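Reader: Could you walk me through this model, starting with one residue and then moving on to the wider fold?

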Amino acid sequence: MDHFSFLAPVYEKFIPPPDQDEILPYLQPDVPPARLLDAGGGTGRVSGQLQSYFSQIVVADLNRSMLDRSAEKTGVIPVSSHIEKLPFPDNTFSRVLIVDALHHFCDQEIALYESVRVLTPGGRIVVGEPDIHKFGVKVVAFLEKLAFMRSHFLSPEKIAALIEGNGAGTQIFRDDSHSAWVVGEKE
């Protein structure tokens with residue numbers, strides 16, 4: 001059994017979602033029609049609280065146990081998929097959200113390419129990741145390696161560079177905790 005199958009039943013109890021008021025300014029969902037892809041969204045812990053802001057929410061994740069939890073949320077459509085090979089046509093979503101997941105993807109460069117590919121022109125990608133520049137995050141990264149999680153944390157600057165390389169301008173926002181938010185807008 002992998003780590004996330006084991007954690008699925010208790011994941012949201014121990015890792016609550018960020019406050020939606022923190023995420024909404026980055027997503028700017030008020031541009032209709034707003035279709036959201038929560039890439040690597042697992043249980044839908046983040047996007048599940050955003051149903052009233054989007055016409056459709058799709059959670060794409062590879063872990064079936066996590067997706068089963070997302071299916072319990074109203075208005076969330078679970079899709080089993082590698083983020084590196086999304087099963088959607090170009091220009092499908094007006095917003096893509098990746099929260100606390102990028103460091104778990106097998107190939108982050110391809111995952112970000114795919115995430116931008118499925119964005120509509122003018123669409124927005126929002127990536128929230130632990131900021132590897134912070135000491136506490138370095139400790140977590142080390143502990144995840146000890147747990148054989150194969151996590152690979154990228155700096156916010158590296159995430160921004162990968163998104164920009166796929167045709168989206170970016171901005172980096174750091175909060176008061178351990179996270180950084182990289183927001184890109186597709187040209």
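**One residue, then the sheet**

Author: Asp61 lies in strand β2, residues 56-61, where helices (H or I, at least four residues) and strands (E, at least two) are DSSP runs numbered from the N terminus. This is a predicted model, in which local features need pLDDT of at least 70, side-chain atom pairs count only at pLDDT 80 or more, and totals for chains, interfaces and linings use all residues. Residues are numbered from 1 along each chain as its sequence is written, and side-chain values use heavy atoms, with hydrogens and water left out.

Reader: Is Asp61 buried or exposed?

Author: Asp61 is buried, because its relative accessible area is 12%; buried means under 20% relative accessible area, exposed over 50%, and partly exposed in between (1.4 Å probe, protein chains only).

Reader: And what is Asp61 in contact with?

Author: Leaving aside neighbours within four places in sequence, Asp61 is in contact (heavy atoms within 4.5 Å) with Gly40, Gly41, Gly42, Leu67, Val79, Ser80 and Ser81. A polar atom of the Asp61 side chain also lies 2.9 Å from the backbone nitrogen of Asn63. In addition, Asp61 and Ala101, which are 40 residues apart in sequence, are 9.8 Å apart in space, C-alpha to C-alpha.

Reader: Zooming out, what is the strand order of the sheet?

Author: The open sheet of seven strands has the order β3-β2-β1-β4-β5-β7-β6, with mixed pairing, and two strands pair if DSSP finds at least two bridges between them. The edge strands, each pairing on one side only, are β3 (76-80) and β6 (168-174). On average, neighbouring strands of this sheet are turned by 20° against each other, direction ignored; axes are lines fitted to C-alpha atoms, for helices over the stretch in contact, and angles run from 0 to 180 degrees between N-to-C directions.

Reader: How many bridges are there between β6 and β7?

Author: β6 and strand β7 (residues 179-186) pair in the antiparallel sense over seven bridges, and Ala168 stands opposite Lys186 in β7.

Reader: Staying with β6, what does Thr170 touch?

Author: Thr170 is found in strand β6 and, not counting residues up to four places away in sequence, touches Ala160, Ile163, Glu164, Val182, Val183 and Gly184. With Glu164 there is a side chain to side chain polar contact of 2.4 Å, a polar contact being a pair of N or O atoms within 3.5 Å; within protein, one must be able to donate a hydrogen and the other to accept it, and residues adjacent in sequence count only if both atoms are side-chain atoms.

Reader: Which residues of helix α7 are buried?

Author: In α7 (residues 156-164), the buried residues are Pro156, Ile159, Ala160, Leu162 and Ile163. They cover an arc of only 160° around the axis, so they are on the same side of α7, the arc being that of the directions from the helix axis to the C-beta atoms. These buried residues of α7 pack against α5, β5, β6 and β7.

Reader: And which strands does α5 lie across?

Author: Helix α5 (residues 108-117) lies across β1, β4, β5 and β7, running at about 145° to β5.

Reader: Changing topic, where is Asn91, and what is its phi?

Author: Asn91 is placed in the loop between β3 and β4, and has a positive phi of about 60° although it is not a glycine. Asn91 is partly exposed, because its relative accessible area is 39%.
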